[in-house]
Amino acid sequence: MGISLDKGQQISLEKAGGGSLSVVRMGLGWRAAPRKGFLARMTAREIDLDASAVLFAGKEPVDVVFFQQLTSKDGSVRHTGDNRVGGAGQGGDDESILVDLQRLPVHVDQIIFTVNSFTGQTFAEVENAFCRLIDESNGQELARYTLSGGGKYTAQVMAKVHRSGTGWNMSAIGEPADGRTFKDLLPAIASHL
């Protein structure tokens, strides 16, 4: 089990024994909060959250990976596919984005990971939501950030992976936002670049 991050915390992505990670996976998991009331057991509810990765050179977005564009232009970042119902929410990933840190273009210095509800459901309807960073070479979880406490917002700027000297760091952001796509979140992202 990796480090459990709090909002604003940062970790280095250097390997414990030295050297840099090559491929990491940002996983997102969630499940629908139980319904209350008489009809709660009669209808199943699905929650469609979408993970996105916006690649930046300085403060300029240069590429994006999300459910409608599963691979970055250079192939270094890849989304594994859209999950429209959720359900893992307790450890497994519902959506994942793979990042080959060694293949990223040299001008890309940060990647912002977001999650949004394309259908407009709020995070008050979601429970056990998290993002986690995994070393893809061995499946080891490096860090986990739990998206806390529901809320009437439809999106969250989750985390940032950014260059630091010759290596990479991950920072937990956890900022609630409103929007149905990553484009709607660009103003909220700007303050974290």
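1. Asp93 and Arg132 form a salt bridge, with 2.8 Å between the closest N and O atoms. The model is predicted, so this distance is a computed one. Asp93 sits in the loop between strand S6 (77–79) and strand S7 (95–100), and Arg132 sits in strand S9 (residues 126–135), so the pair ties together parts that are 39 residues apart in sequence.

2. How exposed are the two partners? Asp93 is partly exposed, with a relative accessible area of 22%. Arg132 is buried, at 14%. The cut-off for buried is under 20% relative accessible area, so Asp93 does not count as buried.

3. Arg132 has a further partner in Glu141. Here the closest N and O atoms of the salt bridge are 2.9 Å apart. Arg132 and Glu141 are both buried.

4. Glu141 also pairs with Arg144. Their side chains meet in a salt bridge, 2.9 Å from N to O. Arg144 is buried, as is Glu141. Which residues belong to the network built from shared salt-bridge partners? Arg25, Asp93, Arg132, Glu136, Glu141 and Arg144 are joined into one. The structure holds five salt bridges.

5. On the fold: the protein has one helix and 12 strands. Along the sequence, the pattern is β-β-β-β-β-β-β-β-β-β-β-β-α. The helix therefore follows the strands in that order.

6. Helix H1 spans residues 182–190, and its buried residues are Phe182, Leu185, Ala188 and Ile189. Seen down the axis of H1, these buried residues fall within an arc of 100 degrees, so they line one face of the helix. Lys183 and Pro187 are exposed on the other side of H1.

7. What do the buried residues of H1 pack against? Their partners are five strands by name: strand S4 (49–57), strand S5 (60–65), strand S8 (110–117), strand S11 (155–164) and strand S12 (167–177).

8. Contacts across the chain: take those in the protein with a separation of 6 or more. Residues 24 or more positions apart account for 69% of them. The Asp93–Arg132 salt bridge spans parts that are 39 residues apart in sequence.

9. Burial and surface: the protein has 193 residues, and 49% of them count as buried. The exposed area is about 9100 Å². Carbon and sulfur atoms supply 50% of that area.

Key: Residues numbered from 1 in each chain as written. Predicted model: local features only at pLDDT ≥ 70, side-chain atom pairs only at ≥ 80, totals over all residues. Heavy atoms only, no water. Helix = DSSP H or I, 4+ residues; strand = E, 2+ residues; numbered from the N terminus. Buried < 20%, exposed > 50% of the residue type's maximum accessible area, 1.4 Å probe, protein only. Contact = heavy atoms within 4.5 Å. Areas by Shrake-Rupley, 256 points an atom, 1.4 Å probe, with all protein chains shown as cover. Salt bridge = Lys/Arg side-chain N within 4 Å of Asp/Glu carboxyl O. Arc of directions from axis to C-beta.
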